[in-house]
Amino acid sequence: MLVVTLTNKISFQGDFGANSDMACRDMFPSMEPLPCPTFEDAFVALENGDVDLAMIPIENTLAGRVADIHHLLPLSGLHIIGEYFMPIRFQLMVLPGVTRDEIRTVHSHIHALGQCRKIIRNNGWKAVVAGDTAGAAKLVAEKGDRSMAALAPRLAAPLYGLDIIAENVEDSENNVTRFVVLSRDAVALKRKSDDEAFITTFVFNVRNIPAALYKAMGGFATNGVNMTKLESYQIGGKFIATQFYADIEGHPDDAPVKRALEELRFFSEKVNILGVYKAHAMRGKF
């Protein structure tokens with residue numbers, strides 16, 4: 001991946017030790033992760049030039065889409081230049097020496113709590129929502145309350161001086177988060193060989209005519225272009241103002257994709273390509 005580095009930093013939402021932090025370290029081990037309180041802060045850090053890239057979770061196999069991103073990304077002017085798939089594992093961590101029967105509350109991000117329902121329910125613990133997984137571990141360490149536990153990635157335990165008393169407590173092994181890598185500048189990737197796998201991501205608004213969505217999608221079917229994701233969401237606080245987010249396999253320079261996008265534009269008021277990037281090696285394996 002071609003990246004122009006000015007700061008050698010990459011932003012993510014959460015505290016050090018979060019899954020997004022781990023994704024940054026896995027994909028860009030030479031870059032310095034920059035924690036941000038919110039997704040919007042991670043976007044702004046990139047927009048302002050405080051970092052070169054941002055690592056943003058966009059969907060999870062169990063929890064579904066990360067809704068905030070679908071609203072923030074189209075308005076940001078940022079570009080998707082890559083993707084990363086990471087299996088998610090949660091560890092139950094507590095203050096040193098705490099035993100399981102002392103736990104009364106379990107703290108974590110709302111998605112993490114939803115992905116670990118069984119252990120929480122089976123033990124009769126109270127689930128408490130935190131801003132992020134690593135932030136929950138940090139909170140347990142700072143509070144010093146022996147009745148508190150956190151569900152967080154393994155990296156968070158040594159960072160905050162906690163003990164792991166139960167490993168990989170997620171409800172399903174098939175728990176994978178897809179991250180996208182954002183940049184201020186679009187990367188003009190060209191196809192070098194036929195066996196290169198590309199993903200094109202875009203948003204669009206269809207024209208206000210009968211069966212507009214059906215007609216707009218027809219070009220992808222007739223040209224044999226595989227659409228791996230299509231989601232709708234309301235914009236501008238109106239139920240009639242719908243925007244669609246889509247991922248397709250292929251590059252806009254490919255003849256079938258080019259024809260399909262031309263047909264999409266004919267039936268749409270607006271089409272905005274958010275990124276053209278190489279498919280991650282783990283795509284399709286989960």
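**View 1. A211 is partly exposed, at a relative accessible area of 45%.** This is a predicted model, as are the views that follow. A211 sits in the loop that runs between β12 (198-206) and α8 (212-222). Look at its backbone here: phi of A211 is near 60°, a positive value in a residue other than glycine.

**View 2. N168 is another residue other than glycine with a positive phi, in this case near 50°.** You'll find N168 in the loop between β10 (163-166) and β11 (176-183). With a relative accessibility of 38%, N168 counts as partly exposed.

**View 3. Five strands make up an open sheet with mixed pairing.** Reading across the sheet, the order is β8-β7-β9-β6-β10. The edges are β8 (126-129) and β10; each has a single partner strand, so one side of each is left without a neighbour in the sheet. On average, neighbouring strands in this sheet are turned by 35° against each other, direction ignored.

**View 4. Here we zoom in on the pairing of β6 with β9.** Strand β6 covers residues 91-94 and strand β9 covers residues 148-152. The two run in the antiparallel sense, and three bridges join them. One spot to pick out is M93, which stands opposite A150 in β9. Helix α6 (residues 133-143) packs on the sheet and touches β6, β7 (105-108) and β9. The direction of α6 makes about 155° with that of β9.

**View 5. Helix α1 (residues 19-27) has a set of buried residues.** They are N19, S20, D21, A23 and C24. As general background, an α-helix has 3.6 residues a turn, so residues three or four places apart point the same way. What lies over the buried residues of α1? The cover includes the strands β1 (9-13), β2 (32-36), β3 (53-60), β5 (79-87) and β11, along with helix α6.

**View 6. Domain 1 meets domain 3, with their C-alpha centres 23 Å apart.** For orientation, the chain is divided into domain 1 (9-88 + 175-183), domain 2 (91-166) and domain 3 (198-280). The contact between domain 1 and domain 3 takes 16 residues from domain 1 and 19 residues from domain 3. About 1400 Å² is buried between the two, and carbon and sulfur atoms give 53% of that area. How many salt bridges are counted between domain 1 and domain 3? The count is three.

**View 7. R65 and E231 form a salt bridge.** Their closest N and O atoms are 3.5 Å apart. Both residues also turn up among the contacts of H70, the subject of the next view.

**View 8. H70, in helix α3 (residues 67-76), takes centre stage here.** Is H70 buried or exposed? H70 is buried, because its relative accessible area is 2% and buried means under 20%. Setting aside neighbours within four places in sequence, H70 is in contact with I58, R65, E231, Y233 and Y245. The pair to look at is H70 and Y245: they are 175 residues apart in sequence, yet 7.5 Å separates them in space, C-alpha to C-alpha.

Note on methods
Residues are numbered from 1 along each chain as its sequence is written. This is a predicted model: local features need pLDDT of at least 70, side-chain atom pairs count only at pLDDT 80 or more; totals for chains, interfaces and linings use all residues. Side-chain values use heavy atoms; hydrogens and water are left out. Helices (H or I, at least four residues) and strands (E, at least two) are DSSP runs, numbered from the N terminus. Buried means under 20% relative accessible area, exposed over 50%, partly exposed in between (1.4 Å probe, protein chains only). Two strands pair if DSSP finds at least two bridges between them. Axes are lines fitted to C-alpha atoms, for helices over the stretch in contact, and angles run from 0 to 180 degrees between N-to-C directions. Contact means heavy atoms within 4.5 Å. Domain bounds come from an automatic or database domain assignment. Buried area is the accessible area (1.4 Å probe) that two parts lose on being put together, summed over both. A salt bridge is a side-chain nitrogen of Lys or Arg within 4 Å of a carboxyl oxygen of Asp or Glu.
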